[in-house]
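Reader: Please take me through the labels used for this model. I want each one set against its cut-off.

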Amino acid sequence: MGVKVSSFGKIPSGKETSLFTLINKNGMCLEVSDYGATLVALMVPGKDHTTTDVVLGYEDATDYWNNDGYLGATVGRSCNRNGGANVTIQGKVYELPKNERGKNNLHSSPDGYDRMVWNYQVDEEHLSVRFYRMSPDLEQGYPGNFEISVTYTLTEENEVRIHYHGVSDKDTVANMTNHTYFNLSGHQNGTILNHEVWIDSDAFTAIDEESIPTGEICQVDGTPFDFRKQKRVGAEIGADHAQLILAGGYDHNFVLNKEKGELKKIAEVFDPESGRRMEVSTTCVGVQFYTGNFITEGVQGKEGAIYHKRSGLCLETQFFPDAVHHENFPSPILKAGEPYDSVTIYKFI
Ligand code: BGC
């Protein structure tokens with residue numbers, strides 16, 4: 001029980017980082033770092049009562065700095081893709097970094113929130129760590145000084161609760177997510193193809209050949225995108241469906257059957273091998289279901305693990321990608337002075 005703080009190594013600037021270890025009464029353990037406000041490890045009991053780390057990660061801050069994939073990262077100010085790397089707010093065009101294909105933006109990188117060292121505040125009593133920073137006007141191209149915090153809490157109900165809170169002094173885009181890759185068998189234990197997934201979604205946003213939403217909202221009915229009944233990830237991932245072929249598997253935003261702001265269970269993941277089950281609840285309107293299609297082949301993870309394509313899956317809660325360019329998508333624009341609040345809970349059964 002309690003919160004332990006230890007060193008997580010340095011980044012190239014020489015800045016030191018820290019690792020926070022939170023343990024609840026059931027022996028579940030969450031590790032988070034001020035480097036990128038990253039979720040580094042999550043030890044969860046399984047059916048044989050052994051505790052296993054169910055998230056992919058790297059060894060220390062230096063390895064996170066040197067590697068890609070956004071493992072466990074806090075992604076902001078706006079996650080996923082922006083076609084053409086720009087946003088127009090109140091008639092003014094703001095250019096974003098063109099870090100994908102020389103023309104689009106992915107995850108507000110290259111100098112996104114995932115590579116910043118955040119300030120922190122530990123709350124021992126509630127088993128939580130709050131990371132916070134002031135993201136200055138025009139950081140990553142976005143207008144407004146944005147005071148943003150990410151609070152991780154490990155509850156006694158075996159939940160990892162992630163709460164984002166922010167306020168900007170100008171209208172801006174606020175669309176934060178967490179990019180954890182889960183493998184409920186253990187982070188070094190094969191692929192997620194036998195995991196079974198349920199998503200409370202009747203539709204997904206179709207993408208083009210650059211993975212940018214076309215604006216079309218497609219019904220899942222009769223397609224491999226129908227997860228309204230729990231289904232093996234691998235069951236139809238190789239199907240001859242244009243959208244799966246474009247992304248090399250699932251890498252799509254699912255439109256959730258819920259209202260914005262309502263905290264509701266939207267997905268479940270079950271691993272028959274370990275007996276672990278994870279429930280995902282969120283206040284967000286969308287979730288990016290990503291099956292690790294682009295994990296760097298053979299990349300060295302923590303504890304000597306070697307990761308491959310499909311070693312983990314992500315359920316990144318969010319506004320729909322490229323929403324700033326599609327009027328039929330809920331708007332991710334945050335008005336000046338208004339609070340941005342978003343909660344996502346990963347609960348283990
Ligand atoms: C994107 C993927 C991308 C991954 C890692 C996901 O959110 O949808 O296309 O490969 O992040 O960057």
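The exchange below covers the ligand site and some backbone features.

Author: This is a predicted model, where local features need pLDDT of at least 70, side-chain atom pairs count only at pLDDT 80 or more, and totals for chains, interfaces and linings use all residues. Residues are numbered from 1 along each chain as its sequence is written, and side-chain values use heavy atoms, with hydrogens and water left out.

Reader: What makes the ligand's approach to Glu316 a polar contact?

Author: A polar contact is a pair of N or O atoms within 3.5 Å. A ligand oxygen is 2.6 Å from an N or O atom in the Glu316 side chain, so the pair meets that limit. His179 gives 2.7 Å. Arg81 gives 2.9 Å.

Reader: Why is Asp322 called buried or exposed?

Author: Buried means under 20% relative accessible area, exposed over 50%, and partly exposed in between (1.4 Å probe, protein chains only). Asp322 has 6% relative accessibility, so Asp322 is buried. Its loop runs between strand 27 (314–318) and strand 28 (333–334); strands are DSSP runs of E, at least two residues, numbered from the N terminus.

Reader: Which label does Arg101 get, and why?

Author: Arg101 reaches 54% relative accessibility, so Arg101 is exposed.

Reader: What is the phi of Arg101?

Author: Arg101 has a positive phi of about 55°, yet is not a glycine. Asp322 also has a positive phi, near 55°. Most residues other than glycine have a negative phi.

Reader: Which peptide bond at Pro110 is cis?

Author: The bond joining Ser109 and Pro110, with omega about 10°. Gly76 to Arg77 is cis too, with omega near 5°. Most peptide bonds are trans.

Technical notes:
A polar contact is a pair of N or O atoms within 3.5 Å; within protein, one must be able to donate a hydrogen and the other to accept it, and residues adjacent in sequence count only if both atoms are side-chain atoms. Helices (H or I, at least four residues) and strands (E, at least two) are DSSP runs, numbered from the N terminus.
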